[in-house]
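Subject: A structure for you to look at

Hi there,

Here is the structure I promised to pass on. Have it open while you read, and I'll walk you through what turned up.

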Amino acid sequence: MNAIVSVTSDWAIGNKGRLVVANRADMRRFKELTMGGTVIMGRATFESFPNGPLAGRRNVVVTHDASYGHDHQGIVCAASPQEALAMVAGDNPDRVWLIGGESLYRALLPECERAYVTKNDTTVEADAFFPNLDADDGWQVEERGDGGVTAAGIPFEYVVYRNVGNDNDR
Ligand SMILES: NC(=O)c1ccc[n+]([C@@H]2O[C@H](COP(=O)([O-])OP(=O)(O)OC[C@H]3O[C@@H](n4cnc5c(N)ncnc54)[C@H](OP(=O)(O)O)[C@@H]3O)[C@@H](O)[C@H]2O)c1
């Protein structure tokens, strides 16, 4: 399993249930990378999607609400992050993506082999954050590439971190 996330300079990822940086190129890359695979997310992230489940991907939504899956089509529900992991145990690990939000990243990041981080060179008001991988010896930069500049003029780069403190193969 790999994590994928878009952060600001101080690792902010969201504010009041929404993303904090509009980045079309990054959205396209997210779609390309995750297409055909499984995406694991928290209920709040699922509800932030304007058009429901992400097409062409198996959407696993983590929630305490046992009836949630009956009320929303096109998703499968897990009662905990661990149950979501169990659901993808037979999948190709490279096709399983942890897509947020903060609570799910914090719960399952240790299980990820890599983190695909889009770093937007800006700071904004935020209430949701990703762990700072630059301050964590368990994560090392494997690849770094210039992304360009967003429509609002924010430069960004794509950084792939590898979990070097992680022995298992997901
Ligand atoms: N920048 C990015 O790449 C990115 C990506 C994704 C999300 N985001 C942002 O992140 C923010 C949302 O993050 P968040 O942490 O507030 O929400 P979240 O992780 O998306 O969802 C939280 C919900 O997940 C369920 N959940 C979490 N832990 C659970 C557990 N142990 N067992 C059962 N259910 C559990 C609960 O649902 P119930 O309340 O239904 O029980 C909880 O309320 C938003 O602002 C969003 O836009 C940013």
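Let's start with one pair of residues: A3 stands opposite L98 in β7. Keep in mind that this is a predicted model. A3 sits in β1, and 2 bridges join β1 to β7, with the two strands running parallel. Strands of a sheet pair through backbone hydrogen bonds, either parallel or antiparallel.

β1 also pairs with β8, again in the parallel sense, over 6 bridges. If you want to find that pairing on your screen, look for V5, whose bridge partner in β8 is V117.

How covered is β1? Mostly: 6 of its 6 residues are buried. Try following the side chains along the strand. N2, I4 and S6 point one way, while A3, V5 and V7 point the other way, and all of them are buried.

Now for the core. The largest nonpolar core has 37 residues, and A3, V5, I40, L98 and A115 are those with the most contacts inside it. At least two residues each come from β1, β2, β4, β5 (58–62), β6 (75–78), β7 (96–98), α5 and β8 (114–120). β1 gives the most, with 4 residues. In soluble globular proteins, nonpolar side chains tend to be buried together.

Have a look around L98 too. Not counting residues up to four places away in sequence, L98 touches M1, A3, I40, L104, Y105, L108 and C112.

Next, there is a small side story about another sheet. This one is open, has 3 strands in the order β3-β2-β9, and its pairing is antiparallel. β3 (18–19) and β9 (128–129) stand at the edges with a single partner strand each, so one side of each has no neighbour in the sheet. Strand β2 (residues 12–15) is joined to β3 by 2 bridges, and G14 has L19 as its bridge partner in β3.

G14 comes up again at the ligand. Which residues come nearest to the ligand? Of the 28 around it, they are G14, G42, H64, G100 and G101. The elements giving two or more residues to this shell are β1 (2–7), β2, β3, β4 (38–42), α2 (43–48) and α5 (102–108). By type, the shell divides into 12 nonpolar, 12 polar and 4 charged residues.

For a contrast with the buried strand, go to S9, in the loop between β1 and β2. Is S9 buried or exposed? S9 counts as exposed, because 12 other C-beta atoms lie within 10 Å and the cut-off for exposed is 12 or fewer. Leaving aside neighbours within four places in sequence, S9 is in contact with D121, T122 and T123. S9 and L19 are 10 residues apart in sequence, and their C-alpha atoms are 14 Å apart in space.

Finally, zoom out to the whole protein. There are 5 helices and 11 strands. The radius of gyration is 15 Å, close to the 15 Å that the globule rule gives for 170 residues, so the protein is as compact as a globular protein of that length. Along the principal axes, the C-alpha atoms fill a box of roughly 40 × 35 × 25 Å. Buried residues make up 33% of the 170 residues. And of the contacts with a separation of 6 or more, 65% are between residues 24 or more positions apart.

Over to you!

How values were computed: Residues are numbered from 1 along each chain as its sequence is written. This is a predicted model: local features need pLDDT of at least 70, side-chain atom pairs count only at pLDDT 80 or more; totals for chains, interfaces and linings use all residues. Two strands pair if DSSP finds at least two bridges between them. A residue is near a molecule or strand if its C-beta atom, placed from the backbone, lies within 6 Å of it. Ala, Val, Leu, Ile, Met, Phe, Trp, Tyr, Cys and Pro count as nonpolar, Asp, Glu, Lys and Arg as charged, and the others, Gly among them, as polar. A residue is buried if 20 or more other C-beta atoms lie within 10 Å of its own, exposed if 12 or fewer, and partly exposed in between; C-beta atoms are placed from the backbone. Two residues are in contact if their C-beta atoms, placed from the backbone, lie within 7 Å. A nonpolar core is a set of buried Ala, Val, Leu, Ile, Met, Phe, Trp, Tyr and Cys residues joined through C-beta atoms within 7 Å. The radius of gyration is taken over C-alpha atoms; the globule rule is 2.2 Å times the number of residues to the power 0.38.
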